[in-house]
Structures are given as C-alpha cells and as structure tokens.
Amino acid sequence: MRKLTLRFFFFSLLIAFGSRAQDLLEFSPESGVHEGLKKISIQVPEQVKVYFTDNGSQPTVNSTQLKKGSLSINRNTAYRFLVIGKNDTVETTKTYIVDRAHDLPVFSIITDSNHLFNPISGMYMKGPDASPEKPYKGANFWKNWEKPVQVAFINEDNHQVTDQKAGLQMFGGFSMAMPQKSFALYARTKYGDNRFKYPFFHNRPFKQYKDLVLRNGGGDMQGAHIRDAFASSLVESTGLLVQAYQPVAVYINGVYWGKYNLREKIN
C-alpha cells in the first residue's frame, strides 16, 4: 500500500511539474486550424531559453533557438519545443493547420521521421525483408515494432485537448499493404501518462482511454471509406460489442495523411 501511495505521489508531481513548465510560454494563436495564418506570436519570459524543430525530430540545445517572440509560417506545421527555465525543463508541441481540405477534428502525430520512413528501419516501409507480392509479408509494417511519438488532438471546437508522449504501432491485416496504413496508439507509463484523458466518443461514457486505433477503412481504404464504420453501427442495437467511431484527419509531422476512422480498441 505504501509503495502504491508513493508511486501515485511521484506521478502527481510529474504532472504538476509539466503543467507549470508548459505555462512558461504563451502562444497566440494556440494550436489548431487557422487558415491563412502567417505568424505565430510567442511570449517568452526572461531567463527562459526555447529551442524548436519543425520536422518531427527531438529538440535539443543544438536545435534552432527561438530568438524573437514570433515564428513565420506558410504551411501546415507541427512544432516541438524544448523549454528551459530557471527551474523547469519541458517539451511541448504545437500543431498549426493553415491550409486544409476537410472539416474534421485533427490527430497530429509528431515523431522522428526515421521511425516511420527510413527505407531500412522505418516501420511504415517495406524494408529489406519484404516478399515481392502483396501483402508483402516480412515487411517492416508486419513486424511487432513500437515507436515513441508525440500525440496531439485538436477537437471539433478547435482546441488542442491532448499533448502527450505515446507508443505507435502499425495496425491491421492485409490492409497494411495499402498506401494509407492504420495505426494503434498506446498510452504507457514509460512515456509519461498511461491514459489518453479525453472523451473522444460522444456516445460513450468513458472519460479516458488506454489504447486507440486510427483505422484506414480496412479493405475499403481506396473506396468507400465510411463503409467499415457504417456496417458495424448497424448491429449496435443487438448488444454486440461495436467499436465507437469518430472521423478524424491525421497529420504526420504536419503533413496531411488523410481521413481516418478513430476507433475504440476492443481488448
């Protein structure tokens, strides 16, 4: 019992520490969809140093330093900031969508591009062991790999309501051989918070989730994208387990990756 109490106290301190540190910066506008936006204003207190990247890589003191209180922007961009204060050091992310062709909530996945797209080791790629024919068995996307990512969710009210580290895995069966692939997201203690604390589905009572699925539509990925979710909704009244559904737009390192079906992970 004493160990559990100490563990809870430790993680409470981490959450409080992160919240205080993120308050060091003030952004105007905040993360979200801001069509035509050209400049982001950032208020940085004295004695605070800020370093950032806009390509998904981990920011360090060797990254670009924010020298003035603004950033120019001319494309959809996902920023990672390293904020070093007198007593606090923290990372935070901000995603700005300035050009879009949809009206959906946004899942922003930010990670070192090598985790996904390195020709040899990227888990989105075929890699060196793929068979020559579909579904390319042996390909990297068939392997049980998990990569660290930063996940942000911008809801239908254009508010960024989550910003946390998580694990990303490839998800699905033969649809993984298609150009747009599905993902599974895992909140784990080793990344920080072990829950995604947001009620993603309005027809469910849950306030937090351990796992989430960003599904490409399965076999319909290149056709009627909505059919997969619609078909399962037809049997919900029978009492069978049905995954809740929320259409979203996914961006990877600021690049539009298409429309996805956000689903519960039944396990």
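Here is a short walk through the nonpolar core and the aromatic rings of this structure. The model is predicted, so to speak of local features a pLDDT of at least 70 is needed, and side-chain atom pairs count only at pLDDT 80 or more, while totals for chains, interfaces and linings use all residues. Residues are numbered from 1 along each chain as its sequence is written, and side-chain values use heavy atoms, without hydrogens and water.

Let us start inside. The largest nonpolar core (buried Ala, Val, Leu, Ile, Met, Phe, Trp, Tyr and Cys residues joined through side-chain atoms within 4.5 Å) has 32 residues, and Phe 107, Phe 183, Leu 185, Phe 200, Leu 212 and Leu 214 have the most contacts inside it. Buried here means under 20% relative accessible area, with a 1.4 Å probe and protein chains only. Strands, which are DSSP E runs of at least two residues numbered from the N terminus, supply this core: β9 (106–110) and β10 (147–154) are among those giving at least two residues each. A second, separate core of 17 residues includes Leu 37, Ile 42, Val 48 and Tyr 79.

Now for the rings. Phe, Tyr and Trp rings (the six-membered one for Trp) pair if their centres lie within 6.5 Å; planes under 30 degrees apart are stacked, over 60 edge-to-face, and the rest tilted. The structure holds 20 such pairs. Phe 107 and Phe 153 are tilted, because their centres are 4.9 Å apart and their planes at 45 degrees. Phe 107 lies in strand β9 and Phe 153 in strand β10, so this pair ties together parts 46 residues apart in sequence. Phe 153 also pairs edge-to-face with Phe 200, at 5.1 Å centre to centre and 65 degrees between the planes.

Key:
Buried < 20%, exposed > 50% of the residue type's maximum accessible area, 1.4 Å probe, protein only. Helix = DSSP H or I, 4+ residues; strand = E, 2+ residues; numbered from the N terminus.
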